[in-house]
Amino acid sequence: MHIGIIGTGYVGLVTGACFAEFGVYVTCIDRDERKIKSLKRGIIPFYEPGLEELVKRNIEKERLLFSTKIKDAVSTSLAIFIAVGTPPRGDGSADLSYVEEVCKEIATHMDSYKVIVTKSTVPVGTGKKIKNWISKSLKKKVDFDVASNPEFLREGSAIEDFMRPDRVVIGAESPQAIAILKDLYRPLYLIETPFVITNVETAELIKYASNSFLATKISFINEIANLCDAVGADVHVVAKAMGLDKRIGPKFLHPGPGYGGSCFPKDTMALLQLARQHKVELNIVDATIRTNQKQRSLMVEKIKSRLAPLKDKVIGVLGLSFKPNTNDLREAPAVYIISRLMEEGAVVQAYDPVATDDAKRVLNNVKFKKNAYEVARNAHAIVLVTEWNEFRNLDLKRIKKAVKEPNFFDLRNVYDPERMQELGFNYYSVGRSIKSQ
Ligand code: UDX
């Protein structure tokens with residue numbers, strides 16, 4: 001089967017490369033000529049473990065093609081996936097102008113039956129809009145279907161998530177469209193992946209509801225962590241015991257500086273916006289968003305409670321990306337925390353294993369260092385913001401020797417409080433009620 005993927009960002013490229021790995025012939029389209037030129041040579045514009053090998057292998061096998069012209073993907077493909085960006089507008093709702101533009105162009109090249117599939121996270125009701133945009137722009141009478149097939153890819157483990165998903169959601173009305181999409185995902189039958197087949201609106205909502213629920217779990221445990229700090233309880237034991245209840249489950253109950261990234265902040269806002277448009281209250285999602293914003297600023301307060309005034313204090317930050325194994329800085333807690341610390345006059349020196357170059361574009365006046373030990377040199381405090389593996393096993397004695405003052409803010413609860421205290425650190429974490437020596 002031949003398919004086309006329009007939009008070679010994160011979702012589009014992972015989807016295209018993974019389908020090619022399944023044996024499908026894939027044409028990936030992006031209007032950015034430089035990006036396409038690099039991709040043809042197997043150069044990936046972002047960091048995602050395993051993706052480069054996958055792209056290179058499938059280019060070699062001639063199953064993965066790249067082009068800047070939508071036309072190149074339309075004529076040969078039975079299914080066309082739309083994976084262009086849907087950035088948030090000022091009010092939090094998703095901007096669909098790229099989707100609309102792409103649909104109109106797809107339509108002008110359509111001369112036989114196609115399934116047009118949304119992969120990007122789009123507001124409920126977009127499927128209907130797509131149908132309209134395409135119908136109006138068709139040059140001749142051609143039959144087509146619109147389907148929704150939301151992605152659930154985590155940055156940093158996107159290939160594994162694609163190859164071994166918890167479920168595949170297909171929203172479509174016609175049996176033909178459903179059959180084509182099921183056929184595309186046939187390799188997953190072997191591993192008995194559950195398929196949820198439903199209408200387009202339900203599929204669109206599943207994505208927002210899933211991400212908002214996960215975000216809610218995080219905000220919930222972050223609030224419980226703050227309470228643990230106040231009452232002398234240990235949030236990890238609370239989370240573990242909660243998670244043993246099968247109705248709750250153990251995942252996404254890890255406290256920290258709040259969620260970031262390209263999905264949770266955007267999707268929770270968009271869901272809230274959608275609910276407002278329909279005059280439905282989503283109080284829990286509303287509270288989740290507010291709690292998340294609060295959590296970031298509480299981290300700054302935590303640091304200030306020990307170090308204030310911050311003027312001329314040297315703060316060493318470990319980890320900048322919103323989570324490990326990605327260079328993505330979108331809505332990264334580190335960016336917020338660093339900006340706040342610098343506003344109050346702190347001198348920030350930072351290191352990230354992968355995201356430093358990207359951070360240079362976002363954060364001015366930060367002193368970027370080559371490793372954790374350079375970050376520690378002469379610091380009045382270390383703040384561990386992103387739990388990269390290389391920060392899990394630091395030579396803590398070396399860190400201790402390098403710092404000016406042994407204040408250690410572990411915003412991901414990587415280290416054992418007792419051991420840190422034994423080593424002589426003033427150790428602060430999230431929800432484990434140890435505030436200082
Ligand atoms: C998420 C969803 O998991 C994925 O299904 C969706 O399609 C895209 O959004 P991603 O944003 O890549 O994926 O990262 P994820 O691993 O889900 O983490 C999101 C944020 O939550 C990160 O900032 C992470 O640090 C934070 N988080 C996660 C916590 O603070 N605590 C947890 O227990 C889990």
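**Figure 1. Glu100 and Lys104 in helix H5 of the predicted model.** Glu100 is partly exposed, with a relative accessible area of 26%, and the model in which this value was computed is a predicted one. Lys104 is likewise partly exposed, its relative accessible area being 35%. The side chains of these two residues, Lys104 and Glu100, meet in a salt bridge with an N to O distance of 2.8 Å. Both residues belong to helix H5 (residues 97-109), where Lys104 and Glu100 are 4 residues apart, about one turn of the helix. Side chains of opposite charge can pair when their charged atoms come close.

**Figure 2. Salt bridges of Glu160 and Asp245, and a network that includes Glu155.** The side chain of Glu160 meets that of Arg164 in a salt bridge, the N to O distance being 3.8 Å, and Glu160 is partly exposed, with a relative accessible area of 44%. Asp245 forms a salt bridge with Arg247, in which the closest N and O atoms are 2.8 Å apart. In this pair Asp245 is partly exposed at a relative accessible area of 24%, whereas Arg247 is exposed at 76%. Salt bridges that share partners also join Glu155, Asp328 and Arg330 into one network. The count of salt bridges in the model comes to 22.

**Figure 3. Polar contacts between the protein and oxygen atoms of the ligand.** A polar backbone atom of Gly260 is 2.9 Å from an oxygen atom of the ligand, and a backbone N or O atom of Phe322 lies 3.4 Å from an oxygen atom of the ligand. Arg412 contributes through its side chain, a polar atom of which lies 2.9 Å from an oxygen atom of the ligand. Taken alone, the ligand exposes 660 Å², and the protein buries 91% of that area.

**Figure 4. The shell of residues around the ligand.** The ligand is surrounded by 18 residues, of which the closest are Glu155, His254, Gly260, Cys263 and Lys323. By residue type, the shell around the ligand divides into 9 nonpolar, 3 polar and 6 charged residues. Helix H9 (residues 200-231) gives the most to this shell, with 3 residues. Both domain 1 (2-198) and domain 2 (199-437) take part, since the shell around the ligand draws at least three residues from each of them. Glu155, one of the closest residues to the ligand, is also joined with Asp328 and Arg330 in the salt-bridge network of Figure 2.

Definitions and conventions: Residues numbered from 1 in each chain as written. Predicted model: local features only at pLDDT ≥ 70, side-chain atom pairs only at ≥ 80, totals over all residues. Heavy atoms only, no water. Near = heavy atom within 4 Å. Polar contact = N/O pair within 3.5 Å; in protein donor to acceptor, adjacent residues only side chain to side chain. Areas by Shrake-Rupley, 256 points an atom, 1.4 Å probe, with all protein chains shown as cover. Helix = DSSP H or I, 4+ residues; strand = E, 2+ residues; numbered from the N terminus. Nonpolar A, V, L, I, M, F, W, Y, C, P; charged D, E, K, R; others polar. Domains from an automatic or database assignment. Salt bridge = Lys/Arg side-chain N within 4 Å of Asp/Glu carboxyl O. Buried < 20%, exposed > 50% of the residue type's maximum accessible area, 1.4 Å probe, protein only.
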